[in-house]
Amino acid sequence: MYHFVGIKGTGMSALAQIMHNLGYTVQGSDLDKHFFTEDRLRELGIKILPFDENNIKEDMKIIRGASFDDNHPEIKKALELDLPIYTYAEMVGSLTKKFKTICVAGCHGKTTTTSMLAHVFNNSKGANYLIGDGTGFSNKENELFILESCEYRRHFLNYSPYYLVITNVDLDHVDYFKDINDVIDAYSEFANKTEKMIIACGDDHYTRYLDVKKPIFYYGLDGDNDIIAKNVEYKTDGTSFEVFVEDNYYGFFDLPIYGKHMLLDALACISVCYYERIEAKETAKILKTFTGAKRRFSIDIVNKTVIIDDYAHHPNEMKATIKSVKQKYPDKKIIAVFQPHTFTRVEEFASGMAEALNLADVAYVLDIHPAREKQEDYPNITSDLIIKELNNGHRINIDEADKLVQYKDEVIIFMSPNDLSKLENELKEKLAN
């Protein structure tokens with residue numbers, strides 16, 4: 001029996017689904033609060049318990065989420081019983097060694113790219129996949145495993161890539177990485193573990209700084225890449241482009257995606273498909289039906305008001321999301337609702353966050369979600385650091401949907417890795433009535 005401490009986490013829930021599919025007995029525990037990842041777990045019959053040291057029994061193996069240290073009651077009990085305890089990354093690393101693993105890494109875009117790859121391979125050759133939006137699938141017969149690979153605390157060094165896709169390299173997780181050089185070192189170490197090849201975005205500044213001794217191929221829009229998108233047309237119903245591989249025409253793609261960042265994510269996916277010998281027409285046909293990853297540009301329309309839910313929390317992601325909205329809805333006003341994630345990020349990126357939010361017509365900012373950090377350790381770091389730099393910015397709380405009801409027939413984007421469904425659902429209810 002495998003017991004997951006923090007089973008509702010996006011990676012943890014996906015791993016639980018995969019291990020269940022592979023025939024392992026799985027259960028887990030978490031806070032007694034609904035999170036979108038638990039719905040699929042319950043469908044599969046996976047037991048979810050409230051945290052309690054009595055959940056831990058003699059015959060168990062424990063998998064713990066990144067937020068849980070040795071002082072957590074369940075971990076304490078497991079240590080007392082001398083049970084085997086694995087981190088999420090250790091268990092994923094051990095499991096994926098049995099397959100040819102396509103690792104997708106990058107500070108931005110890895111969830112969407114992993115989802116695109118899973119969608120194409122699931123509908124062609126077949127593949128297992130673990131996606132950071134809480135989606136996991138496995139079948140022992142599949143040879144390939146598509147794995148979203150997070151750089152935080154160098155967790156991805158637990159993995160053994162057959163292919164490695166790098167969407168970009170940027171400074172994030174500033175509570176761990178010292179500076180951009182530290183990030184580049186981590187990615188370089190990971191890249192050099194790759195067995196077959198690295199496929200990296202050549203338009204990204206820092207991917208060109210990687211110290212790589214393995215075969216590397218670059219994709220992008222710039223002319224010095226190996227795989228290039230040309231004749232790009234950004235439209236209100238999506239984006240079309242032609243792909244050339246080493247100056248040879250590969251295929252035409254007309255996809256329901258928005259923004260340059262999603263075009264690059266699609267190009268990463270197309271690159272892997274090319275090297276795996278999937279025909280361009282087949283890739284184009286399957287990608288045409290891609291509906292997006294969970295909580296990545298998820299669209300709901302209530303009485304002509306467009307509500308978009310997105311995971312963006314780094315300034316570059318926020319800018320990309322708002323620009324995508326402008327492509328799809330060029331005639332509508334854009335209202336951005338943002339909850340910053342962690343004090344260290346706000347300390348480092350407050351001005352960049354404000355710059356991104358100023359691309360919208362109006363911006364509302366919630367209090368900082370602390371995640372693993374404590375406000376007392378950062379007494380001077382609050383949302384005010386962002387709000388004071390906004391052209392048209394306001395504070396909002398999770399129970400103040402009334403402030404947003406005035407924006408009928410416009411686009412309201414909710415951005416945060418934290419769950420803002422309480423505010424979103426209250427708004428949808430008010431708009432519907």
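Which residue in strand 15 is the bridge partner of valine 245?

## The hairpin of strands 14 and 15

In this predicted model, the bridge partner of valine 245 in strand 15 is asparagine 248. That bridge belongs to an antiparallel pairing in which strand 14 (residues 238-245) and strand 15 (residues 248-255) are joined over seven bridges. The two strands form a hairpin with two residues between them, and glutamate 246, which lies in the turn, has a positive phi of about 50°.

Aspartate 247 lies in the loop between strand 14 and strand 15, and it has a positive phi of about 75° although it is not a glycine. With a relative accessibility of 66%, aspartate 247 counts as exposed, because the threshold for that class is over 50%.

## The ten-stranded sheet

Strands 14 and 15 stand at one end of the order 8-7-9-6-10-11-12-13-14-15, which describes an open sheet of ten strands with mixed pairing. Strand 15 and strand 8 (135-137) are the edge strands, each pairing on one side only, and the twist from one strand to the next averages 15°. Whereas the hairpin strands pair in the antiparallel sense, strand 11 (residues 197-201) and strand 12 run parallel and are joined by four bridges; isoleucine 199 has phenylalanine 217 as its bridge partner in strand 12.

Helix 1 (residues 10-21) packs on the sheet, where it touches strand 7 (128-131), strand 8 and strand 9 (144-148), and its direction makes about 20° with that of strand 8.

## Aromatic pairs and charges over rings

A search of the whole structure finds 20 aromatic pairs. In one of them, the ring centres of phenylalanine 217 and tyrosine 275 are 5.2 Å apart and the planes meet at 45°, so the pair is tilted. Because phenylalanine 217 lies in strand 12 (residues 216-220) and tyrosine 275 in helix 7 (residues 260-275), this pair ties together parts that are 58 residues apart in sequence. Phenylalanine 217 counts as partly exposed at 22% relative accessibility, whereas tyrosine 275 is buried, with a relative accessible area of 11%. Both residues belong to a cluster in which ring pairs link Phe217, Phe241, Tyr250, Phe253, Tyr274 and Tyr275.

Rings also lie beneath charged side chains in this model: the charged end of arginine 208 sits over the ring of tyrosine 218, 3.8 Å from its centre, and arginine 296 lies over the face of tyrosine 311, at 3.9 Å from the ring centre.

## Helices 4, 9 and 10

How many of the nine residues of helix 4 are buried? Seven of the nine residues in helix 4 (residues 88-96) are buried, so this helix is largely enclosed by the rest of the structure. The buried residues are Tyr88, Ala89, Met91, Val92, Gly93, Leu95 and Thr96.

Helix 9 (residues 315-328) and helix 10 (residues 343-357) pack at an angle of about 0°, with their axes 8 Å apart, and because angles under 35 degrees count as roughly parallel, helix 9 is roughly parallel to helix 10. In this packing, Pro315, Met318, Lys319 and Ile322 of helix 9 meet Phe349, Gly352, Met353, Glu355, Ala356 and Leu357 of helix 10.

## A positive phi at histidine 173

Histidine 173 has a positive phi of about 50° although it is not a glycine, and it lies in the loop between strand 10 (163-166) and helix 6 (180-191). Histidine 173 is buried, with a relative accessible area of 11%, whereas aspartate 247 in the hairpin loop counts as exposed.

Definitions and conventions. Residues are numbered from 1 along each chain as its sequence is written. This is a predicted model: local features need pLDDT of at least 70, side-chain atom pairs count only at pLDDT 80 or more; totals for chains, interfaces and linings use all residues. Side-chain values use heavy atoms; hydrogens and water are left out. Two strands pair if DSSP finds at least two bridges between them. Rings of Phe, Tyr and Trp (its six-membered ring) pair if their centres lie within 6.5 Å; planes under 30 degrees apart count as stacked, over 60 as edge-to-face and the rest as tilted. Buried means under 20% relative accessible area, exposed over 50%, partly exposed in between (1.4 Å probe, protein chains only). A charge sits over a ring if NZ of Lys or CZ of Arg is within 6 Å of the ring centre and within 35 degrees of the ring normal. Axes are lines fitted to C-alpha atoms, for helices over the stretch in contact, and angles run from 0 to 180 degrees between N-to-C directions. Contact means heavy atoms within 4.5 Å. Angles under 35 degrees count as roughly parallel, over 145 as roughly antiparallel, 65 to 115 as roughly perpendicular and the rest as oblique.
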